[in-house]
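This report goes through one protein model, beginning with a single residue and ending with the chain as a whole. Please keep the sequence and the structure in view while reading.

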Amino acid sequence: FSSAMHGNHIEIYVMDAVDGDGDGFGDNLLRLTNTPPNQCSGQPKWSPDGTQILFTHFPNAISDPLGRDVYVMDASGAGATAVTTNHRSHSGRWKP
């Protein structure tokens with residue numbers, strides 16, 4: 001999922017769906033992206049096999065809110081790689 005819970009820009013997170021400690025939230029929250037201020041990463045989509053995440057990165061979210069590229073990263077958050085570099089791509093999707 002994506003959220004702005006750690007500042008004023010959006011990041012991508014994962015967590016367990018199970019609430020093992022009874023606090024009403026899933027456990028093991030992990031932030032997968034760590035973008036600089038004024039940039040955002042969101043719209044995550046899991047690959048069909050669960051090993052990768054496709055997401056949209058906004059390199060200049062304040063000055064160019066429509067500028068965006070599609071990236072892919074490992075499910076752990078490692079190895080983020082640009083799939084597009086034209087700054088005008090909308091969110092991607094996986095083919096079955």
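## Val-83 and its surroundings

In this predicted model, Val-83 lies in the segment that follows strand 7, the strand made of residues 81–82. Its relative accessibility is 52%, and because the cut-off for an exposed residue is over 50%, Val-83 counts as exposed.

Exposure does not leave this residue without contacts: setting aside residues up to four places away in sequence, Val-83 touches Leu-54, Val-70, Tyr-71 and Val-72. For Gly-67, the separation from Val-83 is 16 residues in sequence, and the C-alpha atoms of the two are 14 Å apart in space.

## An aromatic pair and a nonpolar patch

Two aromatic pairs are counted in the model. One of them joins Phe-1 and Tyr-13, whose rings are stacked, with 5.6 Å from centre to centre and an angle of 20° between the planes. This pair links distant parts of the chain, since Phe-1 sits in the segment before strand 1 (2–3) while Tyr-13 belongs to strand 2 (residues 11–14), and the two are 12 residues apart.

How do the two partners stand with regard to solvent accessibility, buried or exposed in part? Phe-1 is partly exposed, with a relative accessible area of 39%, whereas Tyr-13 is buried, with a relative accessible area of 1%.

Phe-1 also takes part in a nonpolar patch on the surface, which it forms with Met-5, Met-15 and Leu-29, and the accessible area of these residues together is about 360 Å². Within this patch, Met-15 is placed in the loop that runs between strand 2 and strand 3 (30–31), and with a relative accessible area of 40% Met-15 is partly exposed.

## The three-stranded sheet

Strand 2, which carries Tyr-13, is part of an open sheet in which three strands are arranged in the order 1-2-3 with antiparallel pairing. Strand 1 and strand 3 stand at the edges and have a single partner strand each, so one side of each of them is left without a neighbour in the sheet.

On one side of strand 2, the antiparallel pairing with strand 1 extends over two bridges, and here Ser-3 stands opposite Glu-11 of strand 2. Strand 2 and strand 3, which likewise run antiparallel, are joined by two bridges; in this pairing Tyr-13 is opposite Arg-31, and Val-14 is opposite Leu-30.

Both faces of strand 2 are covered, as Glu-11 and Tyr-13 on one side and Ile-12 and Val-14 on the other are all buried. Tyr-13 thus combines several roles in this description: a buried residue, a stacked partner of Phe-1 and the residue that stands opposite Arg-31 of strand 3.

## The chain as a whole

The protein chain contains zero helices and seven strands, and read from the N terminus its elements therefore follow one another as β-β-β-β-β-β-β, with helices and strands taken as DSSP runs. Along the principal axes, the C-alpha atoms fill a box of roughly 45 × 35 × 20 Å.

Of the 96 residues in the protein chain, 33% are buried. The accessible surface comes to about 6,000 Å², and 55% of this surface belongs to carbon and sulfur atoms. Among contacts with a sequence separation of 6 or more, 28% are made by residues 24 or more positions apart.

Definitions and conventions:
Residues are numbered from 1 along each chain as its sequence is written. This is a predicted model: local features need pLDDT of at least 70, side-chain atom pairs count only at pLDDT 80 or more; totals for chains, interfaces and linings use all residues. Side-chain values use heavy atoms; hydrogens and water are left out. Helices (H or I, at least four residues) and strands (E, at least two) are DSSP runs, numbered from the N terminus. Buried means under 20% relative accessible area, exposed over 50%, partly exposed in between (1.4 Å probe, protein chains only). Contact means heavy atoms within 4.5 Å. Rings of Phe, Tyr and Trp (its six-membered ring) pair if their centres lie within 6.5 Å; planes under 30 degrees apart count as stacked, over 60 as edge-to-face and the rest as tilted. Patches are made of residues with over 30% relative accessible area and no salt bridge: like charges are joined within 9 Å, nonpolar side chains (Val, Leu, Ile, Met, Phe, Trp, Tyr) within 5 Å. Accessible areas come from the Shrake-Rupley method with a 1.4 Å probe; for residues, only the protein chains shown count as cover. A salt bridge is a side-chain nitrogen of Lys or Arg within 4 Å of a carboxyl oxygen of Asp or Glu. Two strands pair if DSSP finds at least two bridges between them.
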